[in-house]
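Q: I am new to this structure. Please take a close look at the loops and the residues in them.

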Amino acid sequence: MGKIITVVNQKGGVGKTTTCVSLTAALREMGRKVLLCDFDPQANATSGMGVDKSLSLGIYDVLLNEVEPEKRVVPTRYGDVLPSSKGLAGAGVEMVGIQDREHLLRRALEKLAPKYDYIFVDCPPSLELLTLNGLCAADSALVPVQSEYFALEGLSDLMYTIRAVRKSLNPHLELEGVLLTMYDSRTNLALQVSEEVKRFFPGKVYSTVIPRNVRLSEAPSHGKPICAYDRTSRGAEAYRQLAEADPNATILAEDSKDGNAYFFYTVTNPETQTTEYDYFVQVAGSQTVVIIGSTAEREAVEAAFAATTIGLAEDE
């Protein structure tokens, strides 16, 4: 059964669509079976994957005309796409009278999930019925956050919505992680926003950040993901690193010392759901990952964490 990850933030222009398209293509390059469900009426993810958004009603047909979802999936060299269209703009109104309307998308994606390793859902920039469907369909939510001040303002509202959905509609919904986008390490503002986001989401912020990159902005106009448009660009490299992150690793604690960040991970076997081993990772700067292998190194880092371990009981 594939993991369904909804990419969500009610603020527009934070990199949701770029993240969906880029991660889909990066994971496809790694040999994974990936589906991108474009659930935004603007259909930018559809065109960003090279699919003509005017040829099919896509997900609108599936939800409101009861078309089988596999009939609307479009295969591409970058991954499969369940496209959006302008018809989806009025779907929120049309869905109001439907019983159990919050779970329409989940019922559709459950039919497709066995065929894929990952399904990404690109949500619209708002907290309305389409986004609610995206959260009810998801196993986890990935939140891109632009490295600017205004991007922080709506995070509390978004987290309230996620907690409300988890409490009453989708108890299995988890926070996959928070991704800093459009990051410019030359500015103090980006560093301040990064620190604030880490304080707000302890242990849930990816160490990989997505830099401001002109090539990332150019790629959609060519109907290609960044890894196909310019695979050597900084943006493509960042999304490849994000795709290669262990999806079963959970950050239990983090600290900083001498310019380096130290993370204590546990890794859960996805088949047995048991914790099989844990290890320490040292991240020098923001990108280079070095596994700390020796027992002496491990004990030294573990001792350093003794007074600063951060638990992940975020909602308790």
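A: Here is a look at three loop residues, followed by one helix residue for contrast.

This is a predicted model, where local features need pLDDT of at least 70, side-chain atom pairs count only at pLDDT 80 or more, and totals for chains, interfaces and linings use all residues. Numbering starts from 1 along each chain as its sequence is written, and side-chain values use heavy atoms, with hydrogens and water left out.

Start with Phe150. Its loop lies between β5 (140-146) and α7 (155-168). Helices (H or I, at least four residues) and strands (E, at least two) are DSSP runs, numbered from the N terminus. Phe150 is exposed, at 59% relative accessible area. Exposed means over 50%, buried under 20%, and partly exposed in between (1.4 Å probe, protein chains only).

Next comes Glu66. This residue sits in the loop between α3 (59-64) and β3 (80-82). Glu66 is exposed too, with a relative accessible area of 70%. Its phi is positive, near 55°, and it is not a glycine. Most residues other than glycine have a negative phi.

Asp100 belongs to the loop between α4 (91-94) and α5 (104-112). Its phi is also positive, about 55°, and Asp100 is not a glycine either. Asp100 is partly exposed, at 38% relative accessibility.

Now the helix residue. Ser194 lies in α8 (residues 188-200). Ser194 is buried, at 6% relative accessibility. Leaving out residues up to four places away in sequence, Ser194 touches Leu180 and Tyr183. Contact here means heavy atoms within 4.5 Å.
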